[in-house]
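Me: Give me a close look at one part of this model, the pocket wall. Then work outward from there.

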Amino acid sequence: TIDVQEDFGRPGAATWSPDKELVVPAVARLLGLFREWGLPVVHIVRLYRPDGSNADPFRRRLIESGQPVVAPGTDGAEIVSALKPSATCRLDAKLLLEGGVQAWSDREWVLYKPRFGAFYATPLEAHLRALGVTTLVVCGFNFPNCPRTTIYEATERDFRVVMVRDGVSGLYERGIEEIRNVGVAVMTVEEIMAAVRSRK
């Protein structure tokens, strides 16, 4: 999951879009299947320090102005509660900002990314290789920015990629066409669930 955090899902947020209210239930269903089957789940998050020092240059001024957005240790930085494996799971901001991998279970982890792409300056690729992962199923908030960048980074590293059509907000037809042109499969949650179950 990419950036499915409380602050980004609130109406009025800079990146809010109405389809986020539909994305969360779809992603929750998919996560339920992955957990049931013991498939690895990795949540990718942003955390902006209050001084803006680790924010993207275009967003830094907003953070510096005192508006807290996914600030470390706040409820707004947390992954949307409906997607957590347990209500007791919370982000370890210190560990994440230091580049660590936070384990929520033996098959579910959280990583922090400092920019749009989940592979940029993160341990994500090494983590996935260690798990033997060859195919990524990508879902999350705001396709034009972080999911799309992550998808391109994944294809550059020779991962097979499936984007969850009803599990990504801000999606539009030309974007779908463009990622299909680089070999990305675009499937609904139902199609992915059927494909996973067919492996049995």
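Reply: β4 gives the largest pocket the largest share of its lining, five residues. This is a predicted model, so local features need pLDDT of at least 70 and side-chain atom pairs pLDDT 80 or more, while totals for chains, interfaces and linings use all residues. Residues are numbered from 1 along each chain as its sequence is written, and side-chain values use heavy atoms, without hydrogens or water.

The pocket holds about 780 Å³ of space. It has 33 lining residues, and Phe34, Pro40, Thr135, Leu136 and Val137 are the closest to its centre. (A pocket is an open set of points on a 1 Å grid over the protein atoms alone, where a 1.4 Å probe fits and protein lies on both sides within 12 Å along at least five of seven lines; lining residues have an atom within 4 Å of a point. Volume is the space filled by probe spheres set on the points, which are joined across faces, edges and corners.)

Several elements contribute to the wall. At least two lining residues come from each of α2 (20-37), β1, α5, β4 (135-140), β5 (160-168) and α8 (189-198). (Helices are DSSP runs of H or I, at least four residues; strands are runs of E, at least two; numbering starts at the N terminus.)

Take the sheet that holds β4. Its strand order is β4-β5-β6, open, with parallel pairing. β4 and β6 are the edge strands, each with a single partner, so one side of each has no neighbour in the sheet. From one strand to the next, the twist averages 25 degrees. Five bridges join β4 to β5 in the parallel sense. (Strands pair if DSSP finds at least two bridges between them.) Thr135, one of the residues closest to the pocket centre, has arginine 160 as its bridge partner in β5.

Two helices pack on this sheet. α6 (residues 146-156) touches β4 and β5 and makes about 165 degrees with β5. α7 (residues 173-180) touches β5 and β6, also at about 165 degrees to β5. (Angles run from 0 to 180 degrees between N-to-C directions; axes are fitted to C-alpha atoms, for helices over the stretch in contact.)

Valine 186 sits in edge strand β6 (residues 185-187). Its relative accessible area is 12%, so valine 186 counts as buried. (Buried is under 20% relative accessible area, exposed over 50%, partly exposed in between, with a 1.4 Å probe and protein chains only.) Methionine 163 is 23 residues away in sequence, yet the two C-alpha atoms are 4.9 Å apart. Beyond four places in sequence, valine 186 touches Met163, Arg165, Ile176, Ile179, Arg180 and Glu191. (Contact means heavy atoms within 4.5 Å.)

β1 and α5 lead to the other sheet. There the order is β1-β3-β2, again open, but the pairing is mixed. β1 (41-45) and β2 (102-105) are the edges, each with a single partner strand, so one side of each is left free in the sheet. The twist averages 25 degrees from strand to strand. β1 pairs with β3 (residues 108-112) in the parallel sense over five bridges. Valine 42 is bridged to tryptophan 109, and isoleucine 44 to leucine 111. β2 and β3 run antiparallel, with three bridges, and a hairpin of two residues joins them. Alanine 103 stands opposite tryptophan 109. Helix α5 (residues 124-131) lies across β1 and β3, at about 175 degrees to β1.

β3 is largely enclosed, because five of its five residues are buried. Glu108, Val110 and Tyr112 point one way; Trp109 and Leu111 point the other.

Past the end of β1 comes arginine 46, in the loop before α3 (57-64). It is buried at 2% relative accessibility. Its side chain reaches the backbone oxygen of proline 114 at 3.0 Å and that of lysine 113 at 3.2 Å. Arginine 46 also touches Asp3, Phe8, Tyr112 and Cys146, among others.

Aspartate 3 lies in the segment before α1 (6-9). Its relative accessible area is 4%, so aspartate 3 is buried too. The side chains of aspartate 3 and lysine 113 make a polar contact at 3.1 Å. (That is a pair of N or O atoms within 3.5 Å, one able to donate a hydrogen and the other to accept it; residues adjacent in sequence count only through side-chain atoms.) The contacts of aspartate 3 include Ile44 and Val45, along with Arg46 and Phe141.
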